[in-house]
Structure formats: structure tokens, C-alpha cells
Amino acid sequence: MRADYDSEADALSIDLIQFELFERQECVHDTYCQVGFAKGVPANVELLNPAEQLDLLEVVAERYDLDGPALRAAAQAALAAPDRVVVLEVAAPIAA
């Protein structure tokens, strides 16, 4: 997972997979959140005003069967290191 926060645009982008172009995009929230698809699967999540809209990542996770805690971790890491690319490796949950 790769994330970057553009502080000037106040926009967060989280790449879930490597891709060239989106096939399509879906709105999760008209103003603040879009999900881009490549190869038929969610490839990218874009979030405007992310510090105040992190809750939309849970909506994305539920709607597209994604890992909500991993999305939030990527977003928080990108917000902590603005204007730089953050790469996050997320493994499967540890069995109890």
C-alpha cells in the first residue's frame, strides 16, 4: 500500500495496487471520497480534507471489502509525513 498526502491540495491518495490507469471511478461521498478501479478491483482511494474525513475510509472498507484498519494506518502515516510517499506493508492478521 502506498499513500501520499498533498498538503497544498489537502488531498490524500492511497494506492492499493500498482496500476497504469483507472478503468472507472466511483463516488463514496460526492465531495470528499472517490475509489478508482483498475483490473476490475479497487486500486486507489482519494480523500479530500482527510484529517476531518478519515471516517469515510471505514465506509470504503465496508463497501469494497477492504482492510479498514490498514487504510486508516496508511492515511495517518501519510498525514504525519506530508508531501512524501509513504509505503506500508500490511500482513494478514495474526491468529490468536
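Colleague: Why does Tyr 64 count as buried?

Modeller: This is a predicted model, so every value here is computed from it. Tyr 64 has a relative accessible area of 14%, and buried means under 20%, so Tyr 64 is called buried.

Colleague: Why is Phe 19 called partly exposed?

Modeller: Its relative accessibility is 25%. Partly exposed runs between the 20% limit for buried and the 50% limit for exposed, so Phe 19 belongs there. Phe 22, at 29%, is partly exposed by that rule too.

Colleague: What makes Phe 19 and Phe 22 a stacked pair?

Modeller: Two numbers decide it. The ring centres are 5.1 Å apart, and rings pair if their centres lie within 6.5 Å. The planes meet at 20°, and under 30 degrees counts as stacked, so the pair earns that name.

Colleague: And what makes the pair of Phe 37 and Tyr 64 edge-to-face?

Modeller: Here the centres are 5.5 Å apart, with 70° between the planes. An angle over 60 counts as edge-to-face, so that is the label for Phe 37 and Tyr 64. The pair links distant parts of the chain, with Phe 37 in strand β4 and Tyr 64 in helix α2, 27 residues apart. Phe 37 is buried, with a relative accessible area of 4%. Arg 24 lies over the face of Phe 37, at 3.9 Å from the ring centre.

Colleague: How do you know that the buried residues of α2 are on the same side?

Modeller: Those residues are Leu 56, Leu 57, Val 60, Ala 61 and Tyr 64. They cover an arc of only 150° around the axis, which puts them on the same side of α2. In general, an α-helix has 3.6 residues a turn, so residues three or four places apart point the same way.

Colleague: How do you know that the span of α3 agrees with its number of residues?

Modeller: The 13 residues of α3, at 1.5 Å a residue, should span 18 Å. The C-alpha atoms at its ends are 18 Å apart, which agrees. The buried residues of α3 include Leu 71 and Ala 75. Seen down the axis, the buried residues fall within an arc of 170°, so they line one face of α3. Pro 69 and Ala 80 are exposed on the face turned away from that buried side.

Colleague: Which helix gives the most to the largest nonpolar core?

Modeller: That core has 20 residues, and Ile 14, Leu 57 and Val 60 have the most contacts inside it. Helix α2 gives the most, with five residues.

Conventions: Residues are numbered from 1 along each chain as its sequence is written. This is a predicted model: local features need pLDDT of at least 70, side-chain atom pairs count only at pLDDT 80 or more; totals for chains, interfaces and linings use all residues. Side-chain values use heavy atoms; hydrogens and water are left out. Buried means under 20% relative accessible area, exposed over 50%, partly exposed in between (1.4 Å probe, protein chains only). Helices (H or I, at least four residues) and strands (E, at least two) are DSSP runs, numbered from the N terminus. The arc is that of the directions from the helix axis to the C-beta atoms. The expected span of a helix is 1.5 Å times one less than its number of residues. A nonpolar core is a set of buried Ala, Val, Leu, Ile, Met, Phe, Trp, Tyr and Cys residues joined through side-chain atoms within 4.5 Å. Rings of Phe, Tyr and Trp (its six-membered ring) pair if their centres lie within 6.5 Å; planes under 30 degrees apart count as stacked, over 60 as edge-to-face and the rest as tilted. A charge sits over a ring if NZ of Lys or CZ of Arg is within 6 Å of the ring centre and within 35 degrees of the ring normal.
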